[in-house]
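Me: I've got this model open and I'd like a close look at one part of it, the strand hairpin. Could you walk me through that, and then through whatever else in the fold helps to place it?

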Amino acid sequence: MKKVLSFDIDQTLNIAKTPIPPEIAELLVRCLNFYEICPISGQKFEQFLLQIVDELRKAGVTEEQLTHLHLFAAQGTQYYRYDLSAHDWEQVYNYPLAEEDVVKITTVLEQAAKKLGYWEEDKLLPGDQIIENRLSQVTFSALGQAMGTSEKYDWDPDCKKREAIVAECQKLLPDFLYEIGGTTSINVARPGMNKEFGMTHLLEELGVDKSEVLYFGDMTQPGGNDYPVVQMGVDTITVRSHEDTAYALRGILGVTE
Ligand SMILES: [Mg+2]
């Protein structure tokens, strides 16, 4: 019997970088009556609020339901839960990268992308940046954070550019973990700081066995950022988009409600 429904965010609950659509918000609110809901993503906590929590509020989520929502930000290296008495989110744990590691990773990503001709600084929107320190990981987003979704889709649909950047980085700085995610992103962290870390802590914090978790992700292939969860032996549903996720959730609710 599953107690926990856990989700990747980008391309699993939404179109990358956008808020979850109303249909997903409505389905998640219903799921909160029966399951602990645990999004795990490379995004920052603030993005979880914008992309998920704000939309759940629009769909009528109650404070009591929010206590069953567990936010595993930065691949689960940060965990937030809702504190009913404070009416706010509290950070339960945080495992940040050392500042010297952030500098090393940032330098190598820029070097590799420039060498390969994939450093697209001239295409950035004003105020945007290619490399972002997300505390527990450094994230390369080839066209920045704010670029439109279709431009992002078109940049590297077969992941070949990012695979080349990762191969170059691994030569220069081998002792880190490189993962391809989203549509233009590469996440870099300390080894072990991937979704396996997040899922392992999720099991511990929620006091559940991995057999009680059902995970949804779009990058479940080897090398994808959802693959570590698959490797752990957690039951996983591979989706192509949030539409597949909605379809599966309607099925789950159909046998639960
Ligand atoms: Mg994804």
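Reply: Let's start with a term: two strands count as paired if DSSP finds at least two bridges between them. Keep in mind that this is a predicted model.

With that in hand, look at β8 (residues 177-181) and β9 (residues 185-189): they run antiparallel and are joined by 5 bridges. One of the pairings to click on is E179, whose bridge partner in β9 is N187. The two strands make a hairpin with 3 residues between them, and in that turn G182 has a positive phi of about 55°. As for its surroundings, β8 has 4 of its 5 residues buried, so this strand is largely enclosed by the rest of the structure.

G182 is a glycine, but positive phi also turns up elsewhere. Most residues other than glycine have a negative phi, and two glutamines go against that. Q11 has a phi near 75° and sits in the loop between β1 (4-7) and α1 (22-31). Q75 has a phi near 60°, and its place is the loop between β3 (70-73) and β4 (78-83). Are these two loop residues buried or exposed? Q11 has 22 other C-beta atoms within 10 Å, and the cut-off for burial is 20 or more, so Q11 is buried. Q75 has 28 C-beta neighbours inside 10 Å, so Q75 counts as buried by that cut-off too.

The loop holding Q11 leads on to α1, so to speak, and that helix has its own buried set: I24, A25, L27, L28, V29 and C31. What do they pack against? Their partners are β1, β2 (36-39), α2 (45-58), α3 (63-66) and α9 (242-256).

Last, a helix pair. The axes of α4 (residues 99-116) and α6 (residues 160-172) come within 9 Å and cross at roughly 130°. That angle is over 115 but not over 145, so the two helices are oblique to each other. Their crossing is right-handed. On the α4 side the contact is made by V108, L109, Q111, A112, A113, K115 and L116, while α6 brings A164, I165, E168, C169 and L172. Sorted by class, that makes 9 nonpolar, 1 polar and 2 charged residues.

Terms used: Residues numbered from 1 in each chain as written. Predicted model: local features only at pLDDT ≥ 70, side-chain atom pairs only at ≥ 80, totals over all residues. Axes fitted to C-alpha atoms, helices over the stretch in contact; angles between N-to-C directions. Parallel < 35°, antiparallel > 145°, perpendicular 65-115°, else oblique. Left-handed = near helix turned anticlockwise from the far one by under 90°. Contact = placed C-beta atoms within 7 Å. Nonpolar A, V, L, I, M, F, W, Y, C, P; charged D, E, K, R; others polar. Buried ≥ 20, exposed ≤ 12 C-beta atoms within 10 Å, placed from the backbone.
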